[in-house]
Amino acid sequence: MSSVTLVPSESGVFDITCNQSLIFSRKEENGFIDVAIIKQRIRDLIDPDRSLGHVDNVR
């Protein structure tokens, strides 16, 4: 991953997308989730064979 872009939105929307795939939606998940899970979801999309070390033990 070479960059991250924050895009302002209206009415409290907080979504994370990667390669046009929705990784996280605060609305759909009814709140925020642990950042380790977000890291796993991004890794699973862009490089599923890469180890995240201790983060892989969080689910």
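The legends below accompany close-up views of a predicted model of a protein chain.

**View 1. The whole chain, with its helix and two strands.**
Read from the N terminus, the elements of the protein chain follow the order β-β-α, and the C-alpha atoms fill a box of roughly 35 × 25 × 15 Å when this is taken along the principal axes. Of the 59 residues, 19% count as buried, while the accessible surface of the chain comes to about 4900 Å², with 51% of that area belonging to carbon and sulfur atoms. Among the contacts with a separation of 6 or more, 14% are accounted for by residues 24 or more positions apart. The chain carries 7 positive and 9 negative charges, and the mean positions of these two sets are 3 Å apart.

**View 2. A nonpolar patch on the surface, formed by Met1, Val4, Leu6, Leu45 and Ile46.**
Together these five residues present about 570 Å² of accessible area. One of them, isoleucine 46, has its place in helix H1, which covers residues 35–46; with a relative accessibility of 39%, isoleucine 46 counts as partly exposed. Another member of the patch is methionine 1, which is found in the segment before strand S1 (15–18).

**View 3. The surroundings of methionine 1, in the segment that precedes strand S1.**
Is methionine 1 buried or exposed? Its relative accessible area is 66%, and because exposed means over 50%, methionine 1 is classed as exposed. When residues up to four places away in sequence are not counted, methionine 1 touches Ile42 and Ile46. Methionine 1 and cysteine 18 lie 17 residues apart in sequence, and their C-alpha atoms are 9.4 Å apart in space.

**View 4. The salt bridge between the side chains of glutamate 29 and arginine 41.**
This pair, with an N to O distance of 2.6 Å, links distant parts of the chain, since glutamate 29 sits in the loop between strand S2 (21–25) and H1, arginine 41 sits in helix H1, and the two are twelve residues apart. How many salt bridges does the structure hold? There are three, and the other two are shown in the views that follow. Both partners here are partly exposed, with glutamate 29 at 31% relative accessibility and arginine 41 at 28%.

**View 5. The salt bridge between the side chains of arginine 43 and aspartate 44.**
The side chains of arginine 43 and aspartate 44 meet at 2.7 Å, N to O. The two partners fall into separate accessibility classes: arginine 43 has a relative accessibility of 8% and therefore counts as buried, the limit for that class being under 20%, whereas aspartate 44, at 34%, counts as partly exposed.

**View 6. The salt bridge between aspartate 47 and arginine 50.**
In this pair the closest N and O atoms are 3.0 Å apart. Aspartate 47 is partly exposed, with a relative accessible area of 27%, while arginine 50, at 52% relative accessibility, counts as exposed because its value lies over the 50% limit.

Notes
Residues are numbered from 1 along each chain as its sequence is written. This is a predicted model: local features need pLDDT of at least 70, side-chain atom pairs count only at pLDDT 80 or more; totals for chains, interfaces and linings use all residues. Side-chain values use heavy atoms; hydrogens and water are left out. Helices (H or I, at least four residues) and strands (E, at least two) are DSSP runs, numbered from the N terminus. Buried means under 20% relative accessible area, exposed over 50%, partly exposed in between (1.4 Å probe, protein chains only). Contact means heavy atoms within 4.5 Å. Accessible areas come from the Shrake-Rupley method with a 1.4 Å probe; for residues, only the protein chains shown count as cover. Lys and Arg count as positive and Asp and Glu as negative; His and the chain ends are not counted. The place of a charge is taken as NZ of Lys, CZ of Arg, CG of Asp or CD of Glu. Patches are made of residues with over 30% relative accessible area and no salt bridge: like charges are joined within 9 Å, nonpolar side chains (Val, Leu, Ile, Met, Phe, Trp, Tyr) within 5 Å. A salt bridge is a side-chain nitrogen of Lys or Arg within 4 Å of a carboxyl oxygen of Asp or Glu.
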